[in-house]
Amino acid sequence: MEIAEKARELLKQRKWAVFMTVCGAAGLLLIMISSLLPDKKQETVKPSENGISFAETDELRCDTEKRLGELLSSIDGAGSVKVYLSFGSCQRYIYASEGRRSRSGDKTEEEDKYVMVGSGSEKSPLVETVEKPEVTGAVIVCDGGDSPSVREKMYKAASAALGISTAKIYVAKLR
């Protein structure tokens, strides 16, 4: 009963009403200020306009050359192997799009738009797929490069591993 009596006394005094009014006004002020502050979003990886950097492309090339060299050196008669690869393009981003077609009589209208994510000024296109840089050619130099059977094995193995035609591969003897 003691708590209830103290609560009645506080309600009778004007100090309690002033205190509650000040607390309510402060709460409303904090809500208004928080709506003015920018939203704190998690950093998302946005693709750069130029794709991956030159250093990343070079790292990919070196890693692929090393792995292909190790594979080709295990072929019977190949001996020591050195590989050089050329890339035709950098990494490409394919953006999601949505289309609309309408027909009226003998006319057909098509409209394609990129799918955008985000809100306000933070809108960006939705990345659907990322294409890695493509290998356009390979030069393979090995100890057994003068043997027709070893050369044929090199052509076939490199073509299968890289997904390119044998016309884009050159095999020579290491001096």
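This is a guided tour of one protein structure, with suggestions for what to select at each stop and what is found there.

**The whole chain**

Begin with the entire protein on screen, bearing in mind that this is a predicted model. If you colour the chain by secondary structure, you can look for 4 helices and 9 strands, which follow one another along the sequence in the pattern α-α-α-β-β-β-β-β-β-β-β-α-β. Now switch to a surface display: the protein exposes about 13,900 Å², and carbon and sulfur atoms supply 55% of that area. Of the 175 residues in the protein, 21% are buried. Among contacts between residues at least 6 apart in sequence, 67% join residues that are at least 24 apart.

**The sheet**

Next, select residues 81-87, which are strand β1, together with residues 135-142, which are strand β8, and residues 169-173, which are strand β9. These 3 strands form an open sheet in the order β1-β8-β9, and the pairing within the sheet is mixed. Which strands stand at the edges? They are β1 and β9, and because each has a single partner strand, one side of each is left without a neighbour in the sheet. From one strand to the next, the twist averages 15 degrees.

Look now at how the strands are joined, beginning with β1 and β8, which run antiparallel and are connected by 7 bridges. To see individual pairs, show V83, whose bridge partner in β8 is I140, and then K82, which stands opposite V141 in β8. Keep V141 selected while you move across to the other pairing, since V141 also stands opposite A172 in β9. Here β8 and β9 pair in the parallel sense, over 5 bridges. As you follow any one strand, it may help to remember that in a regular strand the side chains alternate between the two faces of the sheet.

**The helix against the sheet**

With the sheet still visible, add residues 148-162, which make up helix α4; this helix packs on the sheet and touches β1, β8 and β9, and its direction makes about 145 degrees with that of β9.

Within helix α4, select S159. Is S159 buried or exposed? With a relative accessible area of 17%, S159 is buried, because the cut-off for a buried residue is under 20%. Leaving aside residues up to four places away in sequence, S159 touches I164, S165, T166 and I169. You can also draw a distance from the C-alpha atom of S159 to that of G137, a residue 22 places away along the chain, and the separation in the model is 9.8 Å.

**Three salt bridges**

Now show the charged side chains, among which 3 salt bridges are counted. In general, side chains of opposite charge can pair when their charged atoms come close.

Stay in helix α4 for one of them, and select E152 and K156, whose side chains meet in a salt bridge with a distance of 3.8 Å from N to O. Because E152 and K156 are 4 residues apart in helix α4, they are separated by about one helical turn. E152 is partly exposed, with a relative accessible area of 40%, whereas K156 is exposed, at 54%.

Then move to residues 54-73, helix α3, where R61 and E65 are also 4 residues apart and therefore about one helical turn from each other. The closest N and O atoms of the salt bridge between R61 and E65 are 2.8 Å apart, and both of these residues are buried.

In helix α3 you can also select R67 and D63, which are again 4 residues apart, and so about one helical turn separates them. Their salt bridge has its closest N and O atoms 3.9 Å apart. R67 counts as exposed at 55% relative accessibility, while D63 is partly exposed, with a relative accessible area of 36%.

**A nonpolar patch on the surface**

For the last stop, return to the surface display and select L29, M32, I33 and L37, which make a nonpolar surface patch of about 400 Å². Where in the chain does M32 lie? M32 belongs to helix α2, which covers residues 14-36. M32 is exposed, with a relative accessible area of 53%, so it passes the cut-off of over 50% that defines an exposed residue.

Notes. Residues numbered from 1 in each chain as written. Predicted model: local features only at pLDDT ≥ 70, side-chain atom pairs only at ≥ 80, totals over all residues. Heavy atoms only, no water. Pairing = 2+ DSSP bridges. Helix = DSSP H or I, 4+ residues; strand = E, 2+ residues; numbered from the N terminus. Axes fitted to C-alpha atoms, helices over the stretch in contact; angles between N-to-C directions. Contact = heavy atoms within 4.5 Å. Patch = residues over 30% accessible without salt bridge, like charges linked within 9 Å, V, L, I, M, F, W, Y side chains within 5 Å. Areas by Shrake-Rupley, 256 points an atom, 1.4 Å probe, with all protein chains shown as cover. Salt bridge = Lys/Arg side-chain N within 4 Å of Asp/Glu carboxyl O. Buried < 20%, exposed > 50% of the residue type's maximum accessible area, 1.4 Å probe, protein only.
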